[in-house]
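Reader: I'd like to learn how to read a structure like this one feature by feature. Can you walk me through it?

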Amino acid sequence: PTLEFQFDYGIPDVLGAQFEYQKLVARVSDKLRFGPFGYARVSAEAGKIFGNLPYPLLMMHQGNETFFYDEGSYNTMNYFEFVSDEWVSLWASYHAEGLVLNKIPLMRRLKWREVVSAKAVVGGYDLKNDAILSRDFNYDGKPDIYTLSKPYIEAAIGVENIFKVLRIDMLWRLTYLDHPDIVKYGIRAKLQFDF
C-alpha cells in the first residue's frame, strides 16, 4: 500500500493570512490483484482541521458537474455542496478485466472491460466556524452548503478500453437525494490510456 501524510499550518499575519489553523490528512491506497479475476483499487482518507475557519477554507468536498468522469471527484456531487472540518472517505473500484464481457464472442474481440466503483464520505462540522463569517465578514448565513451528518455515497458501473482510450460509466447518487438541483444518476465519459 501507499501511505501519504499531509500537514498544513496557517500562520496568521504572514503574507496577509488572517487565521491560524492546522490541517492533518492521512491517506492509504493500494492496488489489489486477483489473478484472472481482475484487480481493485482502494483508497481511504481521514482528515481534520484544527482551528476555526470560514467555510471556504475548510474541506470543500470535490464535486463534478461536467460530463467527464473524474476519478478524483464525487461525480454526482455539485460543486461546493458539502463542507467539513473533519472527514473520512473511502473510494473503491473493481476492474474485472473482461471477466463477463469476454464470455460474449463479439465483446471478446472488442476487448472491452467491466468496471464497478463506489465512493463514500462522512464528515463533521463545528458550528463555531459559522461565527467567523458573521464576526469578521459581516455575513449572516452561508449559501446552500451542507454538512455530512450521514455518509454521502455514489456508485457506478461502466465499461473501459473502448477503442483502447475511452471509459463510460453510469453513475447513481445513493444518499442526499432531497437536495435541490442535484443529479441522481448520469453518464460520464473519460479518456483513459492504460499501458
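Reader: Let's start with side chains. Which side chain does a polar contact of 2.7 Å join to that of Arg-167?

Author: First, a caution: this is a predicted model. The partner is Asp-169, whose side chain sits 2.7 Å from that of Arg-167 in a polar contact. There is also a polar contact, at 3.5 Å, between the side chains of Arg-167 and Glu-71.

Reader: Is Arg-167 buried or exposed?

Author: Compare the relative accessible area with the cut-off: buried means under 20%. Arg-167 has a value of 1%, so it counts as buried. You'll find it in strand S9, which covers residues 166-173.

Reader: What is Arg-167 in contact with, leaving aside neighbours within four places in sequence?

Author: The list includes Tyr-69, Glu-71, His-95, Ser-117 and Arg-188.

Reader: And where is Asn-64?

Author: Asn-64 lies in the loop between strand S4 (59-60) and strand S5 (83-84). Don't let the loop mislead you: with a relative accessible area of 5%, Asn-64 is buried. Skip residues up to four places away in sequence, and it touches Tyr-69, Asp-70 and Arg-188, among others. Tyr-69 and Arg-188 are also among the contacts of Arg-167.

Reader: On to strands. In which sense do S6 and S7 pair?

Author: For strand pairing, look at the sense and the bridges. Strand S6 (residues 86-95) and strand S7 (residues 113-124) are antiparallel, with 10 bridges. One pair to click on is Ser-93 with its bridge partner Ser-117 in S7. S7 also pairs in the antiparallel sense with strand S8 (residues 152-162), over nine bridges. There, Ala-120 has Ile-153 in S8 as its bridge partner.

Reader: How many residues does the largest nonpolar core have?

Author: The general idea is that in soluble globular proteins, nonpolar side chains tend to be buried together. Here the largest nonpolar core has 21 residues, and Tyr-55, Leu-58, Val-83 and Tyr-152 have the most contacts inside it. S4 and S6 are the elements that give two or more residues to this core. Beyond four places in sequence, Val-83 touches residues including Tyr-55, Leu-58, Met-60 and Ile-145.

Reader: Last one: how much space lies in the largest pocket?

Author: With pockets, read the volume, then the lining. The largest pocket holds about 430 Å³ of space. Of its 25 lining residues, Ser-43, Glu-71, Gly-72, Trp-91 and Lys-119 are the closest to the centre. Strand S2 (21-33), strand S3 (39-50), S4, S6 and S7 each supply at least two residues of that lining. Glu-71 should ring a bell: its side chain makes a polar contact with that of Arg-167.

Notes: Residues are numbered from 1 along each chain as its sequence is written. This is a predicted model: local features need pLDDT of at least 70, side-chain atom pairs count only at pLDDT 80 or more; totals for chains, interfaces and linings use all residues. Side-chain values use heavy atoms; hydrogens and water are left out. Helices (H or I, at least four residues) and strands (E, at least two) are DSSP runs, numbered from the N terminus. Buried means under 20% relative accessible area, exposed over 50%, partly exposed in between (1.4 Å probe, protein chains only). A polar contact is a pair of N or O atoms within 3.5 Å; within protein, one must be able to donate a hydrogen and the other to accept it, and residues adjacent in sequence count only if both atoms are side-chain atoms. Contact means heavy atoms within 4.5 Å. Two strands pair if DSSP finds at least two bridges between them. A nonpolar core is a set of buried Ala, Val, Leu, Ile, Met, Phe, Trp, Tyr and Cys residues joined through side-chain atoms within 4.5 Å. On a 1 Å grid over the protein atoms alone, a cavity is a set of points where a 1.4 Å probe fits but cannot get out, and a pocket is an open set with protein on both sides within 12 Å along at least five of seven lines; lining residues have an atom within 4 Å of a point. Grid points are joined across faces, edges and corners, and a volume is the space filled by probe spheres set on the points.
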